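Visitor: Hi! Could you walk me through this one? I'm new to reading structures.

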There are 2 protein chains.
Amino acid sequence: MDEKSFQARVEAIKADRERGASELARECLAVMAESARKARVQDEPELRKLLRQRAMRLMQTRPSMAPLHNLLNRWLELVDKEPDGGLGTLRVQASRYADELMEFSLRAVAETASQMAEHLGPNKILMTHSLSSTVAAVFRGLKEEGVAAIVTESRPLCEGQELATRLSEWGVQTTYITDAQMGLFVSDADAVIVGADSLLPDGSVINKAGTLLLALAAHDQDVPFYVCCESFKRRNENMGELVLEAMDPAELSVSQLPHVTLENIYFDITPARLVSAWVDERGVHFNTPAGSDE
Amino acid sequence: MDEKSFQARVEAIKADRERGASELARECLAVMAESARKARVQDEPELRKLLRQRAMRLMQTRPSMAPLHNLLNRWLELVDKEPDGGLGTLRVQASRYADELMEFSLRAVAETASQMAEHLGPNKILMTHSLSSTVAAVFRGLKEEGVAAIVTESRPLCEGQELATRLSEWGVQTTYITDAQMGLFVSDADAVIVGADSLLPDGSVINKAGTLLLALAAHDQDVPFYVCCESFKRRNENMGELVLEAMDPAELSVSQLPHVTLENIYFDITPARLVSAWVDERGVHFNTPAGSDE
């Protein structure tokens, strides 16, 4: 993979609105695996240098998404620990570590969804916002168990449509609403389940803009609010300043007017006090007044 | 105005998504004035009967909007009190009462906006949801006073675009966002101001869907939340069952899918506990723990 192809993949990851944080983190690992196998370099030190530099560039593509940082960092640690054994061996080992981490991530997401589904049990009405692959997996896991869904469109690009399409294919009874109707429908739900792009050290949740509103409405109506995300979503202090990514205002589909600024911030932060429990691959961690109860 | 023309006006009022409750109430009065002047009837009793029947039909066009009921009811009372004086006199008097009530309504809206503007004062950042003619009048009243606006698009038909267009023409610095971004921007505002379609006896507010979310976010961030509506918006016990109108799901612009129900409820109810003050033509009435403080 030459610099030009690599740069094209970087740009595609930056612009991606379809895939969530876990999926994009695995895409980054796939890019690193391919770089390890195919980068045109003379020797092992040159490959080590190039891989490190590319991993650092990928980490910066989506600052609101912790898993990119976490999985690439874990991969770099493994590559750094790999003893010098020649160019061929490093290519094989570095790409194998990437493949293994991708599998590890997939298993963590599947296990998280499974923990959530088991906790919720049959015949539940579940409300969600945006499109999370983990939340989609919860619905898939419960589709034979009488689950029903309330799905928001999730402006500006309405990825709720994609979730509604999948739910429809699985035969899940689904109510599809505008984001503005969240307050009207949340009390119809037995629980709200959302994914996350990142989890902050204090338990606050970075997720698609509108999640905070749904959490406020759920809290107000005493509907449990669950955050489903594998532990790779945890942000730590080393990730630098927290940035909520803004995307192209053209996505709002409204013409530019004098004195009017269009804002299109993609993520908001839901404080931990509005979360009933965090669910990851290890289980359900309830929010207690004193903090998280493992 | 014959039955066919009247029915066309009724249908237009039912389908209207552009105008708010006060404007549509005045449109109803205009229909009654025209009916009084032009209805083809033989004598005064026949006109009285027809006017009453038409007013009752108009009252039922928009069940979420109290002013239609209030203004038409007030008009009917005036017509009923009008002594028998012949067909010509009744035509003149009934249409004059309608014209006077339209002026009364316009003055009440203008005075409400003026009370709100005066209370807020200069150099404020004000956030709103949907398009309220009263709220628009507040911005117009403060446009030379350094007011700035944060405006939501207000799905499904995005009447926030119309408000942003007016604000742009008035030179008001405006931030335009998706409804989902409310939680991100409310803390930038000095106050939230919304109109109402109806005000319930306990002070709860029926307004465009999404208002409840903005009220929850404002409450959570300690941003004052003002409801600006003239007293014609007050609902009373005689208005029958409260209905939150649902509109055509086609407005969501998403294709129908098996097992998926599209919902397009236009209004939600914001409980009185989330309102900082109600503003009408008589002044600003603060919410105190014991209830409304006149």
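Guide: Happy to; we'll take one chain, then a sheet, a hairpin and the two copies.

Guide: This is a predicted model, where local features need pLDDT of at least 70, side-chain atom pairs count only at pLDDT 80 or more, and totals for chains, interfaces and linings use all residues. Residues are numbered from 1 along each chain as its sequence is written, while chains are lettered from A and ligands numbered from 1 in the order in which they are written.

Visitor: Okay, how many helices and strands are there in chain A?

Guide: Chain A has nine helices and twelve strands. Those are DSSP runs numbered from the N terminus: helices are H or I with at least four residues, strands are E with at least two.

Visitor: And what does the C-alpha trace of chain A span?

Guide: About 60 × 50 × 40 Å along its principal axes.

Visitor: How much of chain A is buried?

Guide: Buried residues are 58% of its 294 residues. Buried means under 20% relative accessible area, exposed over 50%, and partly exposed in between, using a 1.4 Å probe and protein chains only.

Visitor: Switching topic: what is the strand order in the open sheet of three strands?

Guide: The order is β5-β6-β9 in chain A, with antiparallel pairing. Two strands pair if DSSP finds at least two bridges between them. The edge strands of chain A, β5 (198-199) and β9 (267-270), each pair on one side only.

Visitor: How many bridges join β6 to β9(A)?

Guide: Four, between β9(A) and strand β6 (residues 205-208) of chain A. One partnership to look for is A:I206 with A:I269 in β9(A).

Visitor: Which helix packs on the sheet?

Guide: Helix α9 (residues 211-220) of chain A does, touching β6 and β9 of chain A. Contact means heavy atoms within 4.5 Å.

Visitor: Now chain B. What do β10(B) and β11(B) form?

Guide: A hairpin, with two residues between the strands. Strand β10 (residues 277-280) of chain B and strand β11 (residues 283-288) of chain B pair in the antiparallel sense over four bridges. There, B:A277 has B:F286 in β11(B) as its bridge partner.

Visitor: What rotation superposes chain B on chain A?

Guide: A rotation of 180 degrees, with 0.0 Å of shift along its axis and an RMSD of 0.0 Å. The two copies are thus related as by a two-fold rotation axis. Copies are superposed by least squares on the C-alpha atoms of residues with pLDDT of at least 70 in both.

Visitor: Why do the copies meet through the same surface?

Guide: Because 100% of the interface residues of chain B are also interface residues in chain A.

Definitions and conventions. Heavy atoms only, no water. Axes fitted to C-alpha atoms, helices over the stretch in contact; angles between N-to-C directions.
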